Amino acid sequence: MGYSVAVVGATGNVGREMLGVLAERAFPAAEMVALASRRSQGVEVSYGERTLKVKALEHFDFAGVDICLMSAGSAVSKEWSPKIAAAGAVVIDNSSCWRYDADVPLVVPEVNAEAAAGFRKRGIIANPNCSTAQLVVALKPLHDRARIRRVVVATYQSVSGAGKEAMEELFSQTKSVFQIDEIVPKKFPKRIAFNVIPQIDVFIEDGYTREEWKMVVETKKILDPKIKLVATCVRVPVFIGHSEAVNIEFENPITAEEAREVLRNAPGCIVIDKRESGGYVTPYESAGEDATYISRIREDATVENGLALWIVSDNLRKGAALNAIQIAECLVKRKLITAKQKAA
Ligand SMILES: NC(=O)c1ccc[n+]([C@@H]2O[C@H](COP(=O)([O-])OP(=O)(O)OC[C@H]3O[C@@H](n4cnc5c(N)ncnc54)[C@H](OP(=O)(O)O)[C@@H]3O)[C@@H](O)[C@H]2O)c1
């Protein structure tokens, strides 16, 4: 016996990855349903060796569903997650809709798996923003070792983080450059092909963008409210894989060698740091992988107890689909949910 699982947004970047990760990890599913908008009804999506026909969310009855993995954006989540939770399923949501709600746990299993138990108030668990997920996986073991005071991060985020239409925009603009065609940005505020854009999401009053604000608030909620963080989030013409240049100030001394050792033994982290040409990980190499890769670990002599490092991960996996499925696995492993079919 297994769980009845629904994936909402199954035709999207994250939804497709979710179905792939569920199959790869042999998630104990007795039933798997793929849902999207009415536009996609009947479209076929892969689930391991199987093909599923997509159903329309608006006509679906969630009564028998145990776990609903949502990745259809905030507006859809705002309307549907409470209804799905009321039907008795646990919703694991990828949008930003519920992340900052005090009654909704925000979970990265390597960091705060125990928080998942708090899902009962609303029946919803939130998955963090992609750039936060990989950051906290690397920060957690360092925080445990030397207490982080302040983090300065610059991100280099791939276009897949903005959805499937954004990937198409990079592809078509790149072709247009070679064909000397006119480029008219649609999804991004400026041309993304052969360019970088220092804006992700909308601007807020203090001059930061909402993506930058999300990294601050989510790191505090997941890891430690005392950590100060400042971010500059940048979109780069990479299809998959987010990178981050990170400077960290600690309360206690920690050398680069100690940090390397701590990170080598940390869950979800792989250290590749050869201090030679090519001896680090780039986003291209992280695509399709589960790990958060840490490279370029060095001491920052401009502050007391400072380190600088480079973090790379597949944003569709650790930043979204994989993390959501790790949360579902956590619910199963900790016996926080029971399969309805088994209970019947
Ligand atoms: N990409 C990332 O790295 C990442 C990381 C963390 C979180 N997220 C979040 O995950 C969510 C999905 O992102 P994505 O990159 O997968 O976007 P995407 O590629 O644009 O896919 C969006 C999905 O939502 C579905 N959808 C849209 N409107 C719907 C409706 N009214 N009813 C049912 N389904 C609807 C779409 O179905 P149709 O094909 O039928 O339109 C599609 O399956 C977003 O909230 C995003 O912020 C993404």
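This report describes the ligand surroundings and two buried residues, Asp314 and Gly2, in a predicted model. Residues are numbered from 1 along each chain as its sequence is written, and side-chain values use heavy atoms, with hydrogens and water left out. Local features need pLDDT of at least 70 and side-chain atom pairs count only at pLDDT 80 or more, whereas totals for chains, interfaces and linings use all residues.

The ligand is surrounded by 26 residues, a residue being counted if one of its heavy atoms lies within 4 Å of the ligand; the closest are Thr11, Ser37, Arg39, Ser40 and Lys164. The table lists distances from a side-chain N or O atom to an oxygen atom of the ligand, as polar contacts (pairs of N or O atoms within 3.5 Å).

| Residue | Distance to ligand oxygen |
|---|---|
| Ser37 | 2.5 Å |
| Lys164 | 2.7 Å |
| Asn315 | 3.1 Å |

Taken alone, the ligand exposes 910 Å², of which the protein buries 80%, with areas from the Shrake-Rupley method and a 1.4 Å probe.

Asp314 sits in the loop between strand E14 (306-313) and helix H9 (317-333), where helices are DSSP runs of H or I with at least four residues and strands are E runs of at least two. Asp314 is buried but has no salt bridge, and Arg317, the nearest side chain of opposite charge, is 4.7 Å away. Buried means under 20% relative accessible area (1.4 Å probe, protein chains only), and a salt bridge requires a side-chain nitrogen of Lys or Arg within 4 Å of a carboxyl oxygen of Asp or Glu.

Gly2, in the segment before strand E1 (3-8), is also buried, with a relative accessible area of 6%.

Key: Buried means under 20% relative accessible area, exposed over 50%, partly exposed in between (1.4 Å probe, protein chains only). Lys and Arg count as positive and Asp and Glu as negative; His and the chain ends are not counted. A polar contact is a pair of N or O atoms within 3.5 Å; within protein, one must be able to donate a hydrogen and the other to accept it, and residues adjacent in sequence count only if both atoms are side-chain atoms.
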